[in-house]
Amino acid sequence: MQKPAEPNPFVEITPAAPVETMRHGWRAKALQRLIRLEMPVPRTVALPTETVRSIAAGQVLETPKLAQFFGPETLVAIRPSPANPEWGGPGTILNVGMNAERHAALTETHGPEIADAIYLRFVQAYAIHVARLDPDMFGAAPSAPALAAALAAYEAETDDLFPQSPARQMAEVLRSMARAWEGTTARLLRQAKGAPAEAPLGLVVQEMVLSTGPGFCGSGTIQFVEPVTGAPQITGRFRGQTIGRKVTQDMLYLTRDPRGASLEEAAPEVFATLVRDGAATRAKLREEMQIEFALENGQLRVLDAIKVQRSSRASVRIAVSLAKDGIISREDALLRIEPRALSELLHHQVDPRGPRDRFARGIAASPGAATGRIVFTAADAQASAARGEACILVRRETAPEDIRGMHAAVAVLTERGGMTSHAAVIARGLGLPCIVGASDIRMNPRDRTLNLADGRIFREGDVITVDGTRGEALAGVADMLEPALDEWFTTLLHWADNVRDIGIRANADTPEDARTARMFEAEGIGLCRTEHMFFDEDRLTVMREMIFADTASDRRIALDRLLPMQRADFTALFDIMAGLPVCIRLFDPPLHEFLPHDREGMRELAEALDRPLSEVTRRVEALSEFNPMLGMRGVRLGITVPEIYEMQARAIFEATVEISRRAKPVVPEVMIPLVSAKREVELVKTRIDAVAAAVRTETGVNFDYRLGVMVETPRATLRADEIAHHAAFLSFGTNDLTQMTYGLSRDDAGRFMAAYVGLGVFPEDPFHVLDVDGVGELLLIGAARGRRTRPEITLSVCGEHGGNPESIAFCRKSGFDYVSCSPFRVPVARLAAAHFALLDPKTGNISL
């Protein structure tokens, strides 16, 4: 029986060669496409991934055969070729094959200066990247003494002469690159970029082009889009090099430029060819490419073509432009944009081209960037805003009473906290740049200073910049890029809306939030947290009067003063949303959150209420709880202090009537928080129905409303079949549901969560990415039982997970009707939902 043929250890890249991306890598495939486009690519061979793995395992490649293919006098470059360019790879090694014999020959033809430079650069690269010697010993600038010193240093460190055999050099370079790819550090780095642990690597060996010599020589790169904005623009570099009595190097502009000579003027035919090549690669490779090229005696050689490095805003413009030009499909354009990348387009960003003086790093909790003066209290932030001065609120961690200060600030920086801490959640809702958990800073509120790890001290009023996208705090003013809410951004999201099959709403607590939600084309408000409306100064005093009232009638008197304010809030929301659904959560937090906790604050409250300080102190102490998250809040407060929910229901219904009289009728959605038993819903529903009936009678206007439940306790998910009898919708509040399922405070989790994830206790932070095995199972149970009782019931998720792409995938697969997230995460959610609608979950390919 004939033995099967051994696989070829390498293949010459020709138009018909069997080059495959998964075997030989993206670079090998791109070079083959360039060759098919009849571009002048130097001779190149590709080593498939099985050859590279065998080299890494210690098997010896027949490098003499490979060297013989190129010939004894040819220098080569060896480049990595992973299956995906985003995975990186070991660095390119140039001029492999350079030795004393070639040095002598080049000295004759090109002169000693060129020969010394080429040989020295190869010795340096070989010593550092192949022999793994100390880089400090091989950093000298090219010269004859430097070459001699480098060869001597190599011999001294290795007890061996620098290898002169091209085949041996090639074998050692290939072995070094193959083993580097299999190293632990390289594996971790590429896995962080989404690569599988066993990601394949190919290698390409290409004939070198000596871009120096007689005639017009040089090398450079050219691309046809600006990398930050994505606008059409020829950019790149070209270094011309000529030999006469002395070697000269000149950096030329690519296009005509009044500042100096250009390639377009010096070699117009070459420039025109590169422009044609750029258009051809864009059309045939279906991508904006950067072309690496060289000129040898005026002859153009194309060495490589790689995907243009680009910012997120450039990625969107490039993808949409390619689709509009018919080069790729709209579906492909959508899938080319990572949903999270859209966050960078919604806010100001630090210009990556400018300098950065970073003084602290933390968790990038809310994207965007802003510059302002340091303030340490919410009151100072409000005062700064009143003077028209941009300020950055710096706190150890924020609390509900800091919300007014957060509204006034342009960014927030905290020492403590995680992705779902108070500061992070509120900042994302407001669209404020925010860094939390910046543990290398120390805030001193008494001295009003910020002590840095490097010894510097910032004081109140000093100017800093918060880069919430990268989680870095910078000293001074940084250069900024404007938000990119342009036609390319809008077009991409409209294409996403055409294919997604799950609704996207926004969490909006204020008219400003609602306007932001409309700007990002949310399909309604999925969560309006009414308690945030009570922290304004004029309302806080009335709220505290209600808390200190001794009887139900006194509470109603105080609440009657809040009623017109709440009615105006809801009227504004309904007006802005223009008929889109608005889901209003009734009052949720414990009452003590509205009371001061320091003696000075209690003294001011005693004066405002005209009560003895001792009485105020006793009441504050009486309302404080050991565990407020599990105490008197939500529906429990609505049942024991029913006047609050009655006032809110009346405000909602009166606003509904007012809007219905002058615009399209609205159907408000009223949501009861923290439910755990059917009887709680029955009690609240009875009171709300009574208020609705009273408003209908008083106004003579009939209206509808939908009553639902916010499912935040494990028991509510398990008893959803009973609760659904009285609910038109179930909205799963995954923030609190995660806390209660894990028995873990989201505000404290940041202190140890990184260690837990690193040790594999949790695969991800469950407050950042939905825990589909634990919390997710509760969602599935609640959804199934709710629909078993009421098949038409609406199901949604309204926690912070609603804007997380992985969580959206779970909700879509589980049959939820919509997700609701912070307004500034709506675009991310829209694109992520489109991705999951387009991709086959089994193959990862487009499923249209």
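Me: Why does Lys 307 count as partly exposed?

Reply: This is a predicted model, and in it Lys 307 has a relative accessibility of 31%. Buried would need under 20% and exposed over 50%, so Lys 307 lands in between and is called partly exposed.

Me: What makes Glu 86 and Lys 307 a salt bridge?

Reply: Their side chains meet with N and O 3.4 Å apart. The cut-off is 4 Å between a Lys or Arg side-chain nitrogen and an Asp or Glu carboxyl oxygen, so the pair qualifies. In general, side chains of opposite charge can pair when their charged atoms come close.

Me: How do you know that the pair links distant parts of the chain?

Reply: Look at where the two partners sit. Glu 86 is in the loop between strand S3 (76–82) and strand S4 (93–96), while Lys 307 belongs to strand S10 (residues 299–307), and they are 221 residues apart.

Me: And what is Glu 86 called, buried or partly exposed?

Reply: Partly exposed, because its relative accessibility is 41%, and that class runs between 20% and 50%.

Me: What makes Arg 310 and Glu 287 a salt bridge?

Reply: Here N to O is 3.0 Å, and the limit is 4 Å, so this pair passes too. Arg 310 is in the loop between S10 and helix H12 (312–324), and Glu 287 is in the loop between helix H11 (268–284) and strand S9 (289–296), so the bridge ties together parts 23 residues apart in sequence.

Me: Why is Glu 287 called buried?

Reply: Its relative accessible area is 11%. Anything under 20% counts as buried, so Glu 287 fits.

Me: Where do the partners Arg 556 and Glu 646 lie, and what makes them a salt bridge?

Reply: The closest N and O atoms are 3.6 Å apart, and 4 Å is the cut-off, so they make the grade. Arg 556 lies in helix H20 (residues 552–577) and Glu 646 in helix H24 (residues 642–662), so parts 90 residues apart in sequence are tied together.

Me: Which class does each of Arg 556 and Glu 646 fall into?

Reply: Arg 556, with a relative accessible area of 38%, is partly exposed. Glu 646, at 18%, counts as buried, because the line is drawn at under 20%.

Me: What makes Arg 356, Arg 358, Arg 361, Asp 467, Arg 470 and Glu 472 one network?

Reply: Salt bridges that share partners join these residues. Across the whole structure there are 67 salt bridges.

Me: Why is Arg 746 called buried?

Reply: Arg 746 sits in helix H29 (residues 746–749) and has a relative accessibility of 18%. That is under the 20% cut-off, so buried is the right word.

Me: Which residues is Arg 746 in contact with, leaving aside its neighbours within four places in sequence?

Reply: Thr 420, Ser 421, Val 425, Asn 735, Gln 739 and Phe 767. Each counts because contact means heavy atoms within 4.5 Å.

Me: What makes Asp 134 eligible for the negative surface patch?

Reply: A patch residue needs over 30% relative accessible area and no salt bridge. Asp 134, in the loop between helix H6 (112–130) and helix H7 (144–158), has 39%, so it clears the area cut-off. The patch is formed by Asp 134, Asp 136, Glu 155, Glu 157 and Asp 159.

Me: How many of the 848 residues, as a percentage, are buried?

Reply: Buried residues make up 54% of them.

Technical notes: Residues are numbered from 1 along each chain as its sequence is written. This is a predicted model: local features need pLDDT of at least 70, side-chain atom pairs count only at pLDDT 80 or more; totals for chains, interfaces and linings use all residues. Side-chain values use heavy atoms; hydrogens and water are left out. Patches are made of residues with over 30% relative accessible area and no salt bridge: like charges are joined within 9 Å, nonpolar side chains (Val, Leu, Ile, Met, Phe, Trp, Tyr) within 5 Å. Accessible areas come from the Shrake-Rupley method with a 1.4 Å probe; for residues, only the protein chains shown count as cover. Lys and Arg count as positive and Asp and Glu as negative; His and the chain ends are not counted. The place of a charge is taken as NZ of Lys, CZ of Arg, CG of Asp or CD of Glu. Helices (H or I, at least four residues) and strands (E, at least two) are DSSP runs, numbered from the N terminus. Buried means under 20% relative accessible area, exposed over 50%, partly exposed in between (1.4 Å probe, protein chains only).
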